[in-house]
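Here is a short round of questions and answers to read beside the model. Keep the structure open as you go.

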Amino acid sequence: MYSRDVDVRKPPVFRVREVHAVAVMDEEHCYRAACSKDGRFDGAFFTAVITTGIYCRPSCPAMTPKRANVRFYPTAAAAQEAGFRACKRCRPDASPGSPEWLGRADVVARAVRLIGDGVVEREGISGLSRRLGYSTRQLHRLVFAELGTGPLSLARARRVQHARMLLETTELPVTEVAFASGFGSIRHFNDSIRDVYALSPTEIRLRGARHRRPRALAGQGIEVHLAYRPPIDLDDLLGFLGQRAVPGVENWDGRTYSRVLALPHGEGFVSVSAGDGDPQPPASYAKRRSRSGYVCCMVELQDTRDFTTAVARVRSLLDLDADPIAVSAILGRDATMEPLVEARPGLRVPGSVDGWETAFRAVIGQQVSVGGARTLAGRLSQSFGKAAQQPRDGLTHMFPTADAIAAADPAALPLPATRARALVTLARAVTEGRIVIDPGADRDETEAALKALPGIGQWTASYVRMRALGDPDVFMAGDLGVQRGLQRASGDDVGADGRSALAASEAWRPWRSYATVHLWSANPAGQLS
C-alpha cells in the first residue's frame, strides 16, 4: 500500500511502489478512453493517479487528471500491488472481467481463468502451477511479466472484491465474510480490506447498510449483482438454457432459470430471472455514470466458502465478461450477419458451470433433438446423480459426476450401445486425468483428446470447446441448426453443407462462437442439442 507521510505544514504525500504498468493498449489510447468516460473499457484496463494514490475504471465520473499524473494497469491487482487504493466513487473492482482472457489460449490467460474459478483458494499457488505444468517460480515470472503482478496478488484482488460485495449486501458476520471470500485469516482479511479501500470491514458494512435491500426472511440467500457490458439479451440466453433444463437439476418457468451446483465444499442453488439485466447500477452505485449493467442473481450455499466459486461459474454460464460491441463490430461487417446482429446485439454464448457436465450432455445430445437430450439427461441424473440434501422448487438432484458414470455398466444406461460406451469411456478419461475440461485447459489438447475417443467427433468436440472451455472462435459448420440458419439468413445455398458454411465463417473471426449462436437463433426449429 502507498505510504502516507503526514506533516502538519504540508499535505500528505503519496509514494507509489515501483511496479511497472503493463499497458494492454497504447497509453495515449487509454488516456483518450478515460477522457471520454467510455464505459466499454471498464475492466479492460484501470487508470491510477499518482497524486492521490487512487485507481479508477476508465468511465469514472471524477475529473480527468493530467496525463503526466496517470498510470495505466491491465488489472486491478496490478494497481493494488503498485500501492493504489480503489476509488470509492466508481468502484473499479466491480468492473466486468476483461474480455481479453476469453480468446487467448496462452498460459497467462489460462492462469487468470483458473484464478477466477478459485483454484488458488482451494489448491494454493502450487496447485495452480501444477495444473498448468509450470513451476511456481516460472509461472510467477510469466504472469508478472505481462500483468505487473503475480498470481497471488490476482487472487487477493478477487477475494477483496467478493468480501466488499458480501459486506455491503448481506448481514453475514464479518468473520464468516472473511472465510467466504477466500481469506485464510481474519488479520489478513482486515489488512487487505484497509489496503484496498482505506476503510475497515465495519466501515464498509455501515456504508452499504444505507442501501441494502431488506430481507423478508432470514436464510433467503445472497443477492449478487453481476456486472456486464451492455447490451445483453438475457431473455434469449435464459431461454436457451431453459429449453435444455435437465429435470431435477435445472428449472425454467419461462422467466426464472435456477439450478443446483456441485461446489467444492457442498451444494449450492442459483437463480437468475429474465428481465433482471439492469442497465442502471444498484442503489449503492447510483451516483456512478458507468455504462456497466448488472444481472441480479440469488445464491444459496451449503457452505459460504463456495461463494466466490459459485459467482465465477454463474458469470461463465452467462458469458458476462464478453464485449458485445467488439463482437458486433466484426460480425456486423458481413452482409449475412449484419441483420442478425442488429436484431440481437447483446446475444451471448451460453457457457458452463462444469466442463464434465457439458461434455456429458454433448455426447448424449448427438443427433437427437433438444427435448430428447433433455429427457435422457433427466433419467441419468435421477439414476446416477446424488440427491440434494435440501431440495427445493423441483431441484432434487446433483448432476451425475464423472466418477459415477465411469463406474457404470454401459449396458445399464438408457442410451444406444455405441453412445453409452462413448459416455463411459469419456467419464473414465476425465476421472483418470487424461482429459481436462476446466477453465485452464489447453483448448487444442482437449479437443484433440476428445476426438481421439471412440464415438466422439468434431461436432461434440466443438460444442465442448465453445461452451465448456469458453473459446469465442468456434464455428460448428456441421451442425444442422447452423446450416439452416445460415441458409435462411443468406437467402441462398450458402450453408447448404459444412464446407460452404465453414468458408463463410472465415469473415467472422475471432468471434465465430457468437456467429454460431446468432445462426441458431435465426432458425430455432433447426437447433440440435
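Q: In this predicted model, which residue in the turn of the β3 and β4 hairpin has a positive phi?
A: β3 and β4 form a hairpin, with 4 residues between the strands. One residue in that turn has a positive phi of about 75°. That residue is Gly 53.

Q: How many bridges join β3 to β5?
A: Strand β3 has pairings with β4 and with β5. With β4, the pairing is antiparallel over 3 bridges. β3 and β5 also run antiparallel, and the number of bridges joining them is 4.

Q: Which residue in β4 is the bridge partner of Val 49?
A: Take the partners strand by strand. Toward β5, Thr 47 has Phe 72 as its bridge partner. Toward β4, the partner of Val 49 is Ile 54.

Q: Are the residues of strand β3 (residues 46-49) buried or exposed?
A: Side chains leave this strand in two directions. Phe 46 and Ala 48 point one way. Thr 47 and Val 49 point the other way. On both sides, the residues are buried.

Q: What is the closest N to O distance in the salt bridge of Glu 27 and Arg 67?
A: The pair links distant parts of the chain, 40 residues apart. Glu 27 sits in helix α1 (residues 27-35), and Arg 67 in the loop between β4 (54-56) and β5 (70-73). Their closest N and O atoms are 2.8 Å apart.

Q: Why does Glu 27 count as partly exposed?
A: Partly exposed covers the range between the buried limit of 20% and the exposed limit of 50%. Its salt-bridge partner Arg 67 is partly exposed at 24%. Glu 27 counts as partly exposed because its relative accessibility is 30%.

Q: Asp 303 and Arg 305 meet in a salt bridge; is Asp 303 buried or exposed?
A: The N to O distance in this bridge is 2.8 Å. Arg 305 is partly exposed, at 42% relative accessible area. For Asp 303 the value is 18%, and the limit for burial is under 20%. Asp 303 therefore counts as buried.

Q: Which helix holds Arg 465, the salt-bridge partner of Glu 447?
A: The two side chains meet at 2.6 Å, N to O. They link distant parts of the chain, 18 residues apart. Glu 447 lies in helix α19 (residues 443-451), while Arg 465 lies in helix α20 (residues 458-467).

Q: Which residues does the salt-bridge network of Glu 447 and Arg 465 join?
A: Glu 447 is buried at 13% relative accessible area, and Arg 465 is buried at 14%. Salt bridges that share partners tie this pair to others. The network is Asp 444, Glu 447, Lys 451, Arg 465 and Asp 471.

Q: Which helix gives the largest share of the largest nonpolar core?
A: This core has 116 residues. Those with the most contacts inside it are Tyr 55, Leu 318, Leu 331, Leu 423 and Leu 426. The largest share, 7 residues, comes from helix α18 (residues 417-431).

Q: Which two Trp residues does Leu 331 touch?
A: Residues up to four places away in sequence are not counted here. The neighbours of Leu 331 include Met 337, Val 341, Tyr 514 and His 518. The two Trp residues are Trp 508 and Trp 511.

Q: Are α4 and α6 roughly parallel or roughly perpendicular?
A: Val 107, Val 108, Ala 111 and Val 112 in α4 meet residues of α6, including Leu 139 and Val 143. The axes lie 10 Å apart, at an angle of about 95°. The two helices are therefore roughly perpendicular.

Terms used:
Residues numbered from 1 in each chain as written. Predicted model: local features only at pLDDT ≥ 70, side-chain atom pairs only at ≥ 80, totals over all residues. Heavy atoms only, no water. Salt bridge = Lys/Arg side-chain N within 4 Å of Asp/Glu carboxyl O. Buried < 20%, exposed > 50% of the residue type's maximum accessible area, 1.4 Å probe, protein only. Core = buried A, V, L, I, M, F, W, Y, C linked by side-chain atoms within 4.5 Å. Contact = heavy atoms within 4.5 Å. Pairing = 2+ DSSP bridges. Axes fitted to C-alpha atoms, helices over the stretch in contact; angles between N-to-C directions. Parallel < 35°, antiparallel > 145°, perpendicular 65-115°, else oblique.
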